[in-house]
Amino acid sequence: MHIPDGFLDTKTWITFTAVSGVGLTLALRSFKKEKLAQRIPLIGMTAAFVFAAQMLNFPIAGGTSGHFMGGVFACILLGPWTGFITMSLVLIIQCLLFQDGGLTALGANIFNMGFIGSVGGFSLYGLFRLLVWGDRTRPVAYALASWTSIMLAATFASFQLALSGTIDLSVSLPTMLGVHAVIGIGEAAITTLALMSIWKIRPDLMQQVKY
Amino acid sequence: MHHSYLDKYARGTTAIHGLDARVKVLFSFAFIILIASLRASGFEFYLACLTLIAVCLIAARIPTVYLLTRSIVVIPFAGFAAISYMLTRTGGTTYWHSGPFAITSEGLIDASHLLARSWLAVSCMIILVNTTPFDQILKAFRTFRLHSILIMLLSFFYRYLYLLWDESERMQRARNLRYFGGKPEKQFAMLGHLVSSLFLRTYERTERVQMSMLSRGWDGSAAHVKLKPFTLQNVLNLVIGFSLLIILWWISTW
């Protein structure tokens, strides 16, 4: 759902660039200087990890393949703000080096996938944790949160396209949600399985984040 | 490393490679913003932009095939969006219609403009990163007052990107060698393990890197990058670049 250049009109991309710029600056400011010294290698390398993990494809029906987005995964392991910065870095590098997502649409993409897709998904995870109890049902919360995060991000992307007058909401919303409902299943499966296996191997990592 | 670099032509020696990174970054960003914000213009504008891209491509000695294969990334999303755009536009001659959808001449023209815009922007970005080493781009961002921590994080990212990418390819190859297909749920379980072990390897590497950085006296501040002074020649190049953009804008009003 990386929006390319030319699909958002001037008012939409300027608005979302400003919103994401302010959000990112606030997230970076929220780190204290001494804490940051310990965090910089971690964030930079986790972002590179998310990028590398997105290279691992899984087959979807009909010869196509999907890959994992990793927003909720990063947030659950690193905390919501670090996760947001990580995902923003991934999107910036994808825009600059990989040309996946346009420069003018970068703000909108960071808002959709970086903010809504990870911090939004993470808050949903908190909500779903209230609904399910105990460690046995933990995977349910992971799966629901990551699936919903993809759907939310897709919804926002179609709203932005409609706001720019590119694609009518009546067309974009059903198609985007339809496609991403399937992609979201893959995301949910991988996020859940990966988190469960980390939980088995290094449970200490998952208790570091206070939430 | 078997995968091709994302910016494998970045360290060339042509005149375009020799231009100051700040000039190139400013010019390309302004070019992309111009393309993205101009709507419904005639095909002369796209032709002029294409000429500009082609001239840069030839001057920088980047193979055309490379540009074309790299710019395929826009297809999945842009293609989908252009098709839905085409189907919902009305006006002009109608070629086909069913229910709320129709293919009209207006729709075809607008959809092709949409595709042309995103393709031109992607090509411009490909040329930028293939004529400017990434550390130079980051230094240029630094002079534009981008958050210093963000720059540091981006350079870390770039430093470990290829390393982890290799790691993920090695793991994928190991999986393919030992694993002969299977049911979808089995495949997902395998992928989950791959992702988690990739993360753990990254995390453990981070701990080592961080320890060694701290033990060498790193205090979390960025090393100061010295940039070459912005000479008169750079100002002149920038002026030429922006006059080109003004000409493009003028063409779009035809």
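So, contacts in chain A: of those with a separation of 6 or more, 72% are between residues 24 or more positions apart. Keep in mind that this is a predicted model. Chain A has 211 residues, and 62% of them count as buried. As for its surface, about 7600 Å² is accessible, and carbon and sulfur atoms make up 70% of that.

What does chain A look like in terms of secondary structure? We get eight helices and two strands. If you walk along the sequence, the order is α-α-β-β-α-α-α-α-α-α, with the strands coming after two helices.

Okay, on to how the two chains meet. On the chain B side, 70 residues are in contact with chain A, and on the chain A side it's 70 as well. Together the chains bury about 6500 Å², and 80% of that sits on carbon and sulfur atoms. Which residues of chain B lose the most area to chain A? Those are Phe77(B), Phe157(B) and Phe199(B), and together they account for 12% of what the chain B side buries.

There's some charge pairing too: we count two salt bridges between chain B and chain A. One of the pairs to look up is Arg202(A) with Glu207(B), whose side chains meet in a salt bridge at 3.9 Å, N to O.

Now, stay with Phe77(B) for a second, since it shows up again in helix H5 of chain B. That helix runs over residues 75-88, so to speak, 14 residues. From first C-alpha to last, H5(B) reaches 19 Å, close to the 20 Å expected at 1.5 Å a residue. Buried residues in H5(B) include Phe77(B), Ala78(B), Gly79(B), Tyr85(B), Met86(B) and Leu87(B). And what covers them? Both chains contribute: the cover includes helices H6 (138-163) and H7 (169-201) from chain A, and from chain B there are strands E1 (94-98) and E2 (101-104) plus helix H6 (105-131).

Last thing, cysteines, for anyone planning to ask. How many disulfides are there over all chains? Zero. Take Cys49(B): it's in no disulfide, and the nearest cysteine sulfur belongs to Cys124(B), 9.5 Å away. For a disulfide, the two sulfurs would have to be within 2.5 Å. Is Cys49(B) buried or exposed? Buried, with 0% relative accessibility. Over in chain A, Cys95(A) is buried too, at a relative accessible area of 2%. For both of those, the cut-off for buried is under 20%.

How values were computed: Residues numbered from 1 in each chain as written. Chains lettered and ligands numbered in written order. Heavy atoms only, no water. Buried < 20%, exposed > 50% of the residue type's maximum accessible area, 1.4 Å probe, protein only. Helix = DSSP H or I, 4+ residues; strand = E, 2+ residues; numbered from the N terminus. Expected span 1.5 Å × (residues − 1). Contact = heavy atoms within 4.5 Å. Areas by Shrake-Rupley, 256 points an atom, 1.4 Å probe, with all protein chains shown as cover. Buried area = accessible area lost by both parts, 1.4 Å probe. Salt bridge = Lys/Arg side-chain N within 4 Å of Asp/Glu carboxyl O.
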